[in-house]
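Here are a few notes from going through this model. Have it open while you read.

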Amino acid sequence: MKMNSLNNLLAHEIKDLYSAEEQIIEALPQMIEKAQNQELKRTLNEHLKITEQQKKRLDKVQKLLEESGASIEEEDTVCLGMQGLIEEGQKIMNEDMEPEVMDAAITAAAQKIEHYEISAYGTACAYARELKLKEVEKLLQQTLDEEYEADGLLTELAVGGLNVEAESGEEEDISVRKIPEGRKKGRTAARKTASRSNASGNGSAKKSAKSTRTSKSSSARKTTSRSKTAKAKKSRAR
Ligand SMILES: [Fe+2]
């Protein structure tokens, strides 16, 4: 099909996102099963439920686009970007790893997925805004906010303990130092956290170069001091 308008391009992106969400719904249960850390399991489980809602939201978006005169492609689209990210995640999960290292790997794989979605939903939102499709924009923004929030929660888990556990090979009680602050502050906090990503290749479209520089160095400092503490604990135990 010839895509000769932004409206049609948006319709194509929505089909692609629909495929991405379907693939995530299929992949998440395996990640949940492999995760050892209870907080990580819970976070992924919550996101699975949210993803099911996001897929339904895309059905509404597609209907609205049809009403606006966009041509919807008949054939199914497979989101190849998501397919690659999921395959990469499955490959790493099949490696032989200590449970703590596996948790760090699963978190990183989940964040790569979130970053892809943040980028794709961000673009789709911008198209809807340009096309003055207010309802479509609102629905897409809702999902975009949820993706930022999920990414923020994963970052809190990673820098709040999982990465340290993976480094020291010991399980820390991260339920003590986990995320309530971030959760209480809600979406804004999650967005800020997203720009302070665990993953160095953060796909957040909203981050500024300055905040990234500052936050990366402060995360690095925190991680270093935590790992020193974990190592000290370990050597005391010997
Ligand atoms: Fe999603």
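1. What pLDDT does the protein average, and what percentage of the residues score at least 70? This is a predicted model, and the average is 79, with 69% of the residues scoring at least 70. Confidence peaks in helix 3, at a mean of 97, and is lowest in helix 8 (residues 209–237), at 42.

2. Two stretches drop below a pLDDT of 50. One is residues 176–190, which has 22 contacts in the model beyond near neighbours in sequence. The other is residues 200–238, with 42 such contacts.

3. Now helix 1. This helix covers residues 6–34, 29 residues in total, and spans 41 Å from first C-alpha to last, close to the expected 42 Å. There is a bend of about 30° at Ala27, and Pro29 follows within four residues.

4. Plenty of helix 1 to look at on the inside, too. Its buried residues include Leu10, Ile14, Leu17, Ile24, Leu28 and Met31, and Lys15, Glu21 and Lys34 are also buried. Helix 2 (38–67), helix 3 (80–93) and helix 4 (99–130) are among what covers the buried residues of helix 1.

5. On to the core. The largest nonpolar core has 49 residues, and Ile14, Ile106, Tyr121, Ala124 and Leu140 have the most contacts inside it. Helices 1, 2, 3, 4 and 5 (134–168 for helix 5) each supply at least two residues, and helix 4 gives the largest share, 15 residues.

6. Try clicking on Ile106. Leaving aside neighbours within four places in sequence, Ile106 is in contact with Met31, Lys34, Ala35, Leu40 and Met93.

Conventions
Residues numbered from 1 in each chain as written. Predicted model: local features only at pLDDT ≥ 70, side-chain atom pairs only at ≥ 80, totals over all residues. Expected span 1.5 Å × (residues − 1). Bend = angle between axes of the 7 residues up to and from the residue. Buried ≥ 20, exposed ≤ 12 C-beta atoms within 10 Å, placed from the backbone. Contact = placed C-beta atoms within 7 Å. Core = buried A, V, L, I, M, F, W, Y, C linked by C-beta atoms within 7 Å. pLDDT = per-residue confidence, 0-100.
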